[in-house]
Structures are given as structure tokens and as C-alpha cells.
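User: I'd like to learn how to read a model like this, feature by feature. Where do we begin?

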Amino acid sequence: MLSLPCGFVTVDLSGVITAAGGDCPLLDGGTPASFIGSEFFETICPEEREQGLRFLETVVVSRRSITLERDQDGRHVAFTLIPADGGDAMNVIMHEVGASLHAERDMQQEQQFMTAILDSLPCAFMVTDSTGRLVRWNGCHRDEFAGKTDAELLGTDAFEIIHPDDRAYLAGKHREVLLNGKEVWGEARVLRQGGPEYCWRQICARQIEVDGTRLVLSVSVDITDRKKTEEALRLSEERFRMLFHGHSAIMLVFDAQSGLIVDANQAAADFYGWSVDELRGMRIHRLNPYPPEVQSGLGDSHGSRKSHLFTFHHLRKDGSIRQVEIAGNRIEIGGVSLIFAIVSDVTERNRWAALTEFRLRLYQHGESVPVDSLLREALDEAEHQTSATFSLFHFLGGIEDGQQQVCSSSLGQSGSSYRDALLRRSIEVSDDWIDAAEHRRTVIRNDFSAPLHEGAIPHTLPAVTRVMIVPVVRGDEVPAMLVVGNKPYPFEPEDALRAEAIADIVWDIVARKRAEMSESRMQGALMQIQKMELIGQLAGGVAHDFNNMLGVIIGNAEMAVAFGEPAAEVLENLNEILLAAERAAKLTDQLLAFARKQPVMPEVVDLNDAVKAIVDMLARLVGEAVVLVWRPCRRAPIVRIDPMQLDQILTNLCLNSRDAIPGTGSITISTGERHLERASYENGAFKAAGDYVVLSIVDTGSGIPKYNLGHIFEPFFTTRAVGKGSGLGLSGVYGIVKQNNGFIEVESETGRGTEFRIFLPRHHIADVDPVQEREGANRPLGQETILLVEDEPEILNICKTVLRKIGYDVLSASSPTEALMLVSGHTGHIDLLLTDVIMPEMNGRELANMIASLHPELKILFMSGYAVGVVAEHGVFDGGNFIQKPFSIRQLADLVRRTLQPQ
């Protein structure tokens, strides 16, 4: 190293020279060894000693060389600081720089200076050629985005670092600069060292020309934070817009000065009927003429944010008017004063409040106001609540004075011809009327294809264009209809709720007043009921004894016919005895039915046979002055009904007809069939579609006045003198018909008689197999053991004889105690207990329970001469078999056989 044309020294970490040699420009005639031990930077640049020590530390730590140049004593000396291999010292090579080298060094320094400036810029810098290839760049572009060395970057595609979604956009900007030569700006996402991480950059590009070559100079700055802020703002605005437009509350934003609606949400569009775009284009005054103080900031001239609450009537697109409450705040956006308003529809709330006031008012003075005045007040309220222009109550059965309808005050001013035409058209033409009454539901018709004019309503009067029919429902009955019509805009379900509430309120009061008005009649009717109850108790006791006697007569006569082989003359007499006894048994059933002691036990009945069986008795009831005519239809009219109920219908109607005939006359009973294609309302009755059997009773009596027709089926209503009738006959008939899903209609005219037509659903059954009938004709025989218990000796003897004749082994007892003794002493099996129900010691059910505990497999058959209703009180019908006295041998044998058959 001593032969080198320069000098060198070795400096330890403290800056002390530990070795020296060569031709050092700074030795000044001294030997290299004379510098060993001295401090290097104190020797060459004492004024910059601290900076020199920092250079020493940098070289040793970074392991990188540093070149320093210094003018000293008119000489330009270069110092190259090189880290030593051990990492604990550095070598310094010193040589004097010549003039040419000094110029080159100046150029290098200038380049380094420019590079340092470009690298220190807080932005990315690059120069590209016309194809987008890199020509020059700075450190930010290289280190932060490209992630390559300078040698690797030269000539590469500048758009590689651009996000794929933005490359086409920037390529277009690049072409735009080259074509127009103008400065362009743009924003794009730039990948960081190949991605996927990226940042947003704002890029400014302009064209430059170097040595005749057009280049593009681009500078980009980081706008990621700004874009994040913008995105957050956008999301915030989007959230607000979603909250605004998606909120269920009705919201409007309008100019405080002009009233122009600048925004509205979907709830507002749904409420008002206009679209959001349509609302944005109109002024708030179109919905409601705001007072001046509202237009200028809801009464707040100082622009405070205090909320204000106002109540208005707002117009909707369909023409309807709604009461609304508006809570408004003044806000300022972009220097413009706006009103942010939340609209609440309070129509229903206010109407229900008004309805509550109406209810209280009606209850307070309802007792002192006539019925028609109460109804008219209710109608006026219904019009007010629904915005209708007319209303009426129509009574399906009329009221006390024969009145068919009560009209509202507005309709009452229209004239009777309009009211009558309107009512007739509503009932006779509109199926909606039928639908409302039949299905007990409110019917709304807003879409009449043709107004109800067509001759029924005078052309000088307004046509019916919309109508709502509200049935007044009480249990299964519809006593009246509330009809409101001609609302300026369509009826809504809320209208139906309010009208139904009004109808219920007023009808409760009307019903109570009518009940109070008929209290005296009810008291008289109750006395009649008590008398009938006593008659029923007497009838029940008589029927029991009579049934037992008939049982003895029928049993002995049947035994004589079946087992005695009598002569022809005697056989004829025995058959007459049997016929008379059977007719007597039917009279007993009718007596029990009249006393209302029989529960409902429906059966499949041929109506012709059922009427034929009672015609003779009815003829005796109506007397000789009235001719009873029976006209059955050809085809068997099959219905399902309790035969006792059918007898009760015929008896009541025939007796009423007889009383309506002043002298001589006739009653005609006939049967027929009718098929109804659809539901209809005719002659005061609603009938469902289907197949019906029709029972008709026509008399030639004096007829029923029209003002009474609406009352004839009401309980306790009668036109007879006190003590001559209970007023329950026709109401009982009506109840029976309804109970069997039928309908009843009446036609009558004063002086021309009356016709009652009863519609009962036709019962469809398969034909009976003739083979089964022949097989059933064989006498059922048996060999089981039967325990017979009966406290009437004659009945006991007859039953015992019959059962033994047909093959059964019979143990007989005349009392429950005797029966229990027989069971305890009998060692064999007992298959059936045949017992009377009502006996002195215990009833049949109690006896059956005691014996069944000893013989669990025992079958039980009850019998009684009491009415079925009395027997049921002893728990017989809850799963047991029963035969009503008197019975024939055939009935007893068949039922015993069926009871013994395995289940």
C-alpha cells in the first residue's frame, strides 16, 4: 500500500489513526507514522469534527462507502471512507483531484443533486415515452410502487403498477396528453410493489420534448386519506338516504320559502299516492295551503332547530282527505333553508276518539230518545266517519210499527221516491246484499261497472257509485243492515271497522229498549211457559204408564200372532189390536214432543212417509170444519231430521192455519223438491245453493198483515188475546228449521191466506240392497244368557216369554236387589243385561255398573217408557244401547241381536 499514488489511514471507532501510509496530500512533509495516535478528524477538519465522527459511525454500521471532497490550502482532495473487514474500524483513502476530474465531479454532483431533489419529493415522479415505457423515475416510484432496482425499471411498462380496473382509463389519459399536448388530471389506484395492496393517487401529466422526442411527465400524490373520507361521506350519505327512503314514517323535505318539495321518501309516496319523482316536482301548498309562518320556517323566524307540531287536512291523489300531524324542523343545507317534516296520519286516531265521544253521548241520552232518532243519529255519525253521502238502516224483519228502514238526515232530505228506489235496487239487484247477510260480513263495492240508475233511481237524483253493506249480526241472526254509500273516494277496511262499531253500539241500545218495551209481554209469556212446563211434567208421567200398558198389549198380540197360529178371524182381530196400539204409541210420542221432553235425535226420513203417518192425527186436531189435503210428491223426498221435530213443525203450522180460518176452509200439505243454483234472497229468507226438499203448508185463512210479517218468528210475539197463545209456536218452528240447516219463507196477503214453505237439505243415500232386506227378514235367534230386570210384572213376563221363544236363556228379576242376588248365585256366564232404567231401589245405570264389575264382558241394553230426555238424565246415552217402550217383538229381537254381536 506504500507504493500507491495516494495516502491512506486506518481509523478506529473513536476516530484515532491506528495506521498510515502512502503519499498523503495533507502530510505537509511529515511522515505517515507521525500521524499515528492522533485524532483523524481533528487533524483534517477540526471545525467539522462532530460531523466526521457521525460519518465514521455510518460507514461502520451500514458497511457502505462514503466519498467526501474538500478544498484545503488551494487543493481539492477527495476522501473515500471504506469500512474495514473486521467491522471495528474504517480505512480512509485520500487523493488530490485534478481540474478535468473536478469538472466531471461537478457534473456528477449536479446529477446527484437533481436525483436527490427528485427522490426527496413527497410524490411519485416518472417520465414515459409515447408507448408508455419508463424513461426516468424517482425513488418514491421505484421503492414504494415498483419494488425493483433502477436497472430493472428502465424500459418497463409504466402501467404495470396501475390497478387492472384503472389501466384502460390511464392509458386513455396518456394518449390524450400526446394528442392534445395539454395537461390532464386523473385519479387511479396504484399497486404497492405488485399488490394486492394499493393506494389512491391523483396524477397530473403533461407533455415534454427532449432532443426532439415527445415524452410524458407524470407526477402523482397520495389521496388515499381523501378518498377514504369521501367514501365514508358517501356511505354516510347512502345510509342517511336509506334511512330516509326506507323509513316507515312519512318524510318530506321542502324549501322553507317557496314550499317546493326537494325530497320525499317512499312512505310519503305510498301515503299520498304520487310517486317520489312526482312529489319532488310539486309544492307543499298542493297538499295543504300552509299559513305564512309555516312557509317561512314553521313559525321560527330566527332559524332555530326547535321542532314544531301542526295539524292539517292533507289531500291525496285519489281525492281523499286525511288528517295529519306534521312535526317539522328547520335545517340549512348549502345556504338554503329547508323544512324537514315528519307526517303522521292521525285520521283513524281522531275518528276513533270521535267514535268514543259518540258512544258516550249515545249512552247518556239513549234511554230518553226514540228508537228511530237513535238510529238516525248513528247513521249521521256513520256518514261523518266514512265521508259517505247517504246511509240507511234496513230491517230484515221490520220493527214495531211495520217500518222497514230508517234513513240518515241527509237521505231523508232526498225524497221518498229516491229512498224507495235506492232500497229496492239494493235488495233486488245487488248480490252484495245477499253476500253480506248470508256470510255475516261487511261487503264493500267500489267498482260498480254501471251506476245503480237504470230505471230504479230517477235521473234527477245522484246515482249510487260506491256502497258498503254492514250486517248487524246477533248470534246466528241478521236483524238489520247498515248501508252507507257514495263516498267521494273508495271505501277502505277501516271504514268497515268504524261502521261495524257504530252499528254494534246503537243496536245494543235499540235491542235493550225493545226488550224493555216488551217486558210486560215477556212476563205473560213466562207464565205461559210455566204452565206448559207443568203440562210437560204431567205428560211425561202419563206417557210412562201409558207406554207400559201399550207394551203389554203389543207384546201379547204379537205373541199370539207369531207363536199361537190363530184362526183367520182371530188373526184379523189381533192385527187390528196391533195397529191401534201402534197408533196409540205414536200419539204418546207426539205428546212428549209437544211437552218438549225429547232431545234431538236426527234420522234419515222419507218426508212422504213421515207426513202420511201424522196426517190422520192432524185432521182430528184441525177439526171437521177444515179440510186437510195431503199431496205427496212422486219421488221419495229424503231428509235427515228428528221425526219428533217434524211432527212439531206440522202440528204448530196446522194449528196456526186452523186458527186463521174464521169458518170453513182448507189446509193443504204438500212435498216437493227444488234445486237452487246460487244463493238468493227471496220472500224474507236467505237460501244457500243446493238440493232441497220443500214442505209446504197452505191455508185459506185471513192472512197475516204486512206489519206483522217481520215479527211472526220472534219469541213471545202473538196477535192472539192474552191467554190464547204463548207466541212460541212459530219461533220454535223457525229454530228447528235453522237447526237442520234449512230455510223458511212465508207468503201471505190479508184475506187471501198464507203459505209457509220449509226448505230442508235433501239427504242423498244409496239404495238398500234387496238381498240384505230379505236376509234381515229372517227372525234373529240366539242361545246366549240374558239377565232381564223389570219392575212392571206384565212387561217382565212378556219380555221373558219373547226372549225364550227365540232361543235365549233368560234369568228374570223384578227388582235390582233380586237381580244382584241372581248374579251372585249364578255360576254360569251372563251375556246381556236387559234392564229398565227408572226403578224404585236404584236406576238401571247403577245396576249395570255393579254387575259389570263382576262380569266385565257383559253387554247392556236399557229400556224405558219414560221420555228419552228423562232417561238421558240417568246417564244412559253415554255409550249405551237403548230401546223405547212400547216396542214390538221384532224391534226387541233385532236390538238384542245387534247388542250381542261382537264389536
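Analyst: Start with one residue and its surroundings. Contact means heavy atoms within 4.5 Å. Leaving aside neighbours within four places in sequence, Asp263 is in contact with Arg241, Phe244, His245, Leu252, Val253 and Arg280. Before going on, note that this is a predicted model: local features need pLDDT of at least 70, side-chain atom pairs count only at pLDDT 80 or more, and totals for chains, interfaces and linings use all residues. Residues are numbered from 1 along each chain as its sequence is written, and side-chain values use heavy atoms, with hydrogens and water left out.

User: With which side chain does the side chain of Asp263 make a polar contact?

Analyst: A polar contact is a pair of N or O atoms within 3.5 Å; within protein, one must be able to donate a hydrogen and the other to accept it, and residues adjacent in sequence count only if both atoms are side-chain atoms. Here the partner is the side chain of Arg280, at 3.1 Å. Asp263 and Arg280 stand 17 residues apart in sequence, and their C-alpha atoms are 5.5 Å apart.

User: Where is the place of Asp263? Is Asp263 buried or exposed?

Analyst: Asp263 sits in strand S12, residues 261-264. Elements are DSSP runs, numbered from the N terminus: helices are H or I with at least four residues, strands E with at least two. Burial goes by relative accessible area: buried is under 20%, exposed over 50%, partly exposed in between (1.4 Å probe, protein chains only). Asp263 has 12%, so it is buried.

User: Zoom out. How many helices and strands does the protein chain have?

Analyst: There are 28 helices and 34 strands. The protein chain has 903 residues, and 45% of them are buried. Take contacts between residues at least 6 apart in sequence: 58% of these join residues at least 24 apart.

User: Which residues of helix H15 are buried?

Analyst: In H15, residues 431-439, they are Asp432, Trp433, Ile434, Ala436 and Ala437. Check the backbone just after H15 too: Arg440 takes a positive phi of about 55 degrees.

User: Which loop holds Asn486, with its positive phi?

Analyst: Asn486 is in the loop between strand S20 (477-485) and helix H16 (493-517). Its phi is about 60 degrees, although Asn486 is not a glycine. Asn741 also has a positive phi, near 60 degrees, and is a residue other than glycine. Asn741 lies in the loop between helix H22 (729-739) and strand S28 (743-748).

User: Are Asn486 and Asn741 buried or exposed?

Analyst: Asn486 has 12% relative accessibility, so it counts as buried. Asn741 has 58%, so it is exposed.

User: How many disulfides does a search of the whole structure find?

Analyst: A disulfide is a pair of cysteine sulfur atoms within 2.5 Å. The search finds 0. Look at Cys123: the closest cysteine sulfur, in Cys140, is 7.1 Å away, so it is too far for a bond. Cys123 is buried at 9%. Cys140 is buried at 16%.

User: Now empty space. How many cavities of 30 Å³ or more does the structure hold?

Analyst: The general idea: rolling a probe the size of a water molecule over the atoms shows where empty space is left. On a 1 Å grid over the protein atoms alone, a cavity is a set of points where a 1.4 Å probe fits but cannot get out, and lining residues have an atom within 4 Å of a point. Grid points are joined across faces, edges and corners, and a volume is the space filled by probe spheres set on the points. The structure holds 2 such cavities. The largest has about 280 Å³ of space. Of its 25 lining residues, the closest to its centre are Met126, Ile162, Leu170, Ile203 and Ser218. Elements that give two or more residues to this lining include strand S6 (124-128), helix H4 (139-146) and helix H6 (167-180).

User: How do the residues of that lining divide, in the largest cavity?

Analyst: They divide into 16 nonpolar, 7 polar and 2 charged. Nonpolar covers Ala, Val, Leu, Ile, Met, Phe, Trp, Tyr, Cys and Pro; charged covers Asp, Glu, Lys and Arg; the others, Gly among them, are polar.

User: And which residues are closest to the centre of the second largest cavity?

Analyst: That cavity has about 110 Å³ of space. Of its 13 lining residues, Gly551, Gly555, Ile798, Cys799 and Phe887 are closest to the centre. Helix H17 (519-563), helix H24 (793-805) and helix H28 (889-900) each supply at least two residues of the lining. The largest share, 4 residues, comes from H24. By class the lining has 8 nonpolar, 3 polar and 2 charged residues.

User: One last backbone check. Which peptide bond is cis?

Analyst: The bond from Lys885 to Pro886, with omega near -5 degrees. Pro886 is in the loop between strand S34 (881-884) and H28.

Key
On a 1 Å grid over the protein atoms alone, a cavity is a set of points where a 1.4 Å probe fits but cannot get out, and a pocket is an open set with protein on both sides within 12 Å along at least five of seven lines; lining residues have an atom within 4 Å of a point.
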